[in-house]
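Subject: Structure handover

Hello,

The structure you asked about is below. My notes on it follow; please read them with the model open.

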Amino acid sequence: MSELEMSVAELQRRRKAGENLLLVDVREQWEYDLCRIEGATLMPMRTIPANLQALDSGDDVICYCHHGQRSLDVAAWLRSQGVENAQSLAGGIDRWSIEIDPAVPRY
């Protein structure tokens, strides 16, 4: 795992600790409608450039998708735009469902 990625266990630990995190779901609306991590903001990957200012808030930005590839691309792009605290959730919502919250449906 690179510095661009955060494990699901680390995300869970930080959420339980009450840390200020901006959790961004970069999947499409239909995917979000199927399942999501509670508290996440839907911002499909194609809309990220238009929302750059909202993501440069100072909070840690954790992006996720289905398996972690789209969100890794988004995190890398955000870093290139100066959002130094952007990371991707390794394994995406699928790994979250397997390791953290089995109530989140898999697809």
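In what follows, an angle of 65 to 115 degrees counts as roughly perpendicular, under 35 as roughly parallel, over 145 as roughly antiparallel, and the rest as oblique. Please keep in mind that this is a predicted model.

Helices H1 and H5

The axes of H1 and H5 come within 10 Å and cross at roughly 75°. The two helices, H1 and H5, are therefore roughly perpendicular to each other. On the H1 side the contact is made by Val8, Leu11, Gln12 and Arg15, and on the H5 side by Gly92, Arg95, Trp96 and Glu99.

Helix H5 covers residues 92–99, and its buried residues are Gly92, Ile93, Asp94, Trp96 and Ser97. Among the elements that cover these buried residues are helix H1 (8–16), S4 and S5.

Asp94 sits in helix H5. Is Asp94 buried or exposed? Its relative accessibility is 11%, and the limit for buried is under 20%, so Asp94 counts as buried. Apart from neighbours within four places in sequence, Asp94 is in contact with His66, His67 and Arg106.

Arg13 belongs to helix H1. Its relative accessible area is 45%, so Arg13 is partly exposed. The side chain of Arg13 has a polar contact of 2.8 Å with the side chain of Glu10. As background to that pair, an α-helix has 3.6 residues a turn, so residues three or four places apart point the same way.

The sheet

Five strands make up an open sheet with parallel pairing, and their order is S1-S5-S4-S2-S3. At the edges are strand S1 (5–6) and strand S3 (41–42), each of which pairs on one side only. Helix H4 packs on this sheet and touches S1, S4 and S5; the direction of H4 makes about 175° with that of S5.

Strand S2 (residues 21–25) pairs with S4 in the parallel sense, over five bridges. Within this pairing, Leu22 stands opposite Val61 of S4, and Asp25 stands opposite Tyr64 of S4. S2 also pairs with S3 in the parallel sense, over two bridges. There, Asp25 stands opposite Leu42 of S3. Asp25 thus has a partner named in S4 and another in S3.

How many of the five residues of S2 are buried? Five of the five are, and the strand is mostly covered. Leu21, Leu23 and Asp25 point one way from S2, Leu22 and Val24 point the other way, and all are buried.

Strand S4 (residues 60–64) is also mostly covered, with four of its five residues buried. S4 is joined to strand S5 (residues 86–89) by three bridges, and these two strands run parallel. In this pairing Ile62 of S4 stands opposite Gln87 of S5. From S4 the chain crosses through helix H4 (residues 69–80) to S5, and this β-α-β crossover is right-handed.

Two residues around S5

Ser88 lies in strand S5. Its relative accessible area is 0%, so Ser88 is buried. Not counting residues up to four places away in sequence, Ser88 touches Leu4, Glu5, Met6, Cys63, Gly68, Ser71, Leu72 and Ala75. Of these, Glu5 and Met6 are the residues of edge strand S1, Cys63 falls in S4, and Ser71, Leu72 and Ala75 fall in H4.

Asn85 is in the loop between H4 and S5. Which residues does Asn85 touch, if those up to four places away in sequence are not counted? They are Gly58, Asp59, Asp60 and Val61. Asn85 and Gly58 are 27 residues apart in sequence, while their C-alpha atoms are 7.6 Å apart in space. A polar atom of the Asn85 side chain lies 2.4 Å from the backbone oxygen of Asp59.

Those are the notes on the model.

Regards

Methods. Residues numbered from 1 in each chain as written. Predicted model: local features only at pLDDT ≥ 70, side-chain atom pairs only at ≥ 80, totals over all residues. Heavy atoms only, no water. Buried < 20%, exposed > 50% of the residue type's maximum accessible area, 1.4 Å probe, protein only. Pairing = 2+ DSSP bridges. Right-handed = clockwise from strand over helix to strand, strands pointing away. Contact = heavy atoms within 4.5 Å. Polar contact = N/O pair within 3.5 Å; in protein donor to acceptor, adjacent residues only side chain to side chain. Axes fitted to C-alpha atoms, helices over the stretch in contact; angles between N-to-C directions.
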